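Please report on the ligand shell and on one strand beside it in the structure below. Keep it brief.

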Amino acid sequence: KKQRFIGKTAIITGAGSGIGRATAIQLAREGANVALFDLVNERNFELEQKLNKLRKDCALALDVDTSDAERMEEAVRQTVERFGGLDIVFANAGINGAVGPIEELSLSDWEHTMSVNLTGTFLTLKYSIPHLKKKGKGSIIITSSINGNSRFASFGWSPYSTTKAGQVAFAKMAALELAKFKIRVNVICPGAISTNIDESTEFNEEVGSIVIPIEFPQGAQPLADGPGKPDNVAELVSFLASDESIHITGAQIVIDGAESLL
Ligand code: NAD
């Protein structure tokens with residue numbers, strides 16, 4: 001295994017599961033200290049223990065709702081106090097949220113998805129950037145989705161897709177703004193990946209009146225037999241976090257086994 005991250009510190013949001021978890025393991029295996037941000041959950045603390053067995057004191061799990069500004073600010077500070085700086089930020093936490101016809105979504109359905117996926121991304125960058133600047137260099141990776149591509153639409157997913165498209169725009173603004181500080185910002189657009197994301201889908205009486213297919217159809221990713229794996233995405237994120245991608249910023253990278261080409 002390569003050792004690209006010795007002496008580096010990474011914040012990973014949504015680290016307790018799926019893509020975040022796979023990335024935390026990959027970065028830690030390659031030498032990084034990892035701050036694992038997730039909502040209060042056992043999986044995140046189990047991951048901390050697992051990684052600390054891999055390499056002593058390399059992981060710190062923190063209960064963080066990324067949409068809570070005060071908590072985000074505090075958690076970034078705790079990370080820097082513990083590990084002495086910050087080099088890599090993976091703004092990955094996200095939810096599917098409420099799915100359904102627009103006129104049947106409540107304002108709070110809408111606002112919940114906006115606050116986790118968009119405001120959470122904003123706050124993650126806002127509080128991390130000053131620490132990256134202190135290092136004179138850094139890499140930020142944001143997890144959007146192929147649903148954030150303008151040519152792609154799916155019935156019922158208007159709040160989610162709006163946030164995912166917003167993250168792409170936000171990443172490009174950030175990349176431009178931060179280039180002079182040698183801080184790179186890239187956004188990844190995964191297709192379907194086998195994770196626990198379906199647990200975050202909110203179906204309820206009001207939004208349940210149309211049938212929304214969420215099953216993964218056979219052949220939907222021509223490159224593979226089924227959906228992608230979190231490790232596939234972790235490899236991409238590690239590349240973007242490392243100096244191997246030193247001249248790449250503002251890029252939007254699709255990782256979907258050709259799902260969005262169909
Ligand atoms: P997942 O549900 O397995 O993991 C997401 C993690 O984020 C969970 O541990 C959850 O507790 C955490 N989280 C949710 N809200 C949070 C908050 N407010 N603060 C902190 N942590 C929070 O799902 P995943 O598929 O690994 O999702 C990661 C990212 O990938 C999301 O942004 C998602 O939109 C994106 N994505 C996933 C897929 C897919 O098919 N799985 C496809 C495209 C994009």
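Which helices and strands each supply at least two residues of the shell around the ligand? Helix H1 (18–29), strand S2 (33–38) and helix H4 (107–135) do. Helices (H or I, at least four residues) and strands (E, at least two) are DSSP runs, numbered from the N terminus.

This is a predicted model: local features need pLDDT of at least 70, side-chain atom pairs count only at pLDDT 80 or more, and totals for chains, interfaces and linings use all residues. Residue numbers start from 1 along each chain as its sequence is written.

**Ligand shell.** The ligand has 30 residues around it. A residue counts as near if its C-beta atom, placed from the backbone, lies within 6 Å. Gly-14, Ser-17, Gly-18, Gly-94 and Thr-195 come nearest. H1 gives the most to the shell, with three residues. By class, the shell has 11 nonpolar, 17 polar and two charged residues. Ala, Val, Leu, Ile, Met, Phe, Trp, Tyr, Cys and Pro count as nonpolar, Asp, Glu, Lys and Arg as charged, and the others, Gly among them, as polar.

**Strand S1.** Five of the five residues in S1 (residues 9–13) are buried, meaning 20 or more other C-beta atoms within 10 Å of their own, with C-beta atoms placed from the backbone. Thr-9, Ile-11 and Thr-13 point one way, Ala-10 and Ile-12 the other. In a regular strand the side chains alternate between the two faces of the sheet.

S1 pairs with two strands, as tabulated; pairing takes at least two DSSP bridges.

| Partner of S1 | Bridges | Direction | Opposite residues |
|---|---|---|---|
| S2 | five bridges | parallel | Thr-13 and Phe-37 |
| S4 (residues 88–91) | three bridges | parallel | Ile-12 and Phe-90 |

S1, H1 and S2 make a right-handed β-α-β unit: with the strands pointing away from the viewer, the path from the first strand over the helix to the second runs clockwise.

Note on methods. Buried ≥ 20, exposed ≤ 12 C-beta atoms within 10 Å, placed from the backbone.
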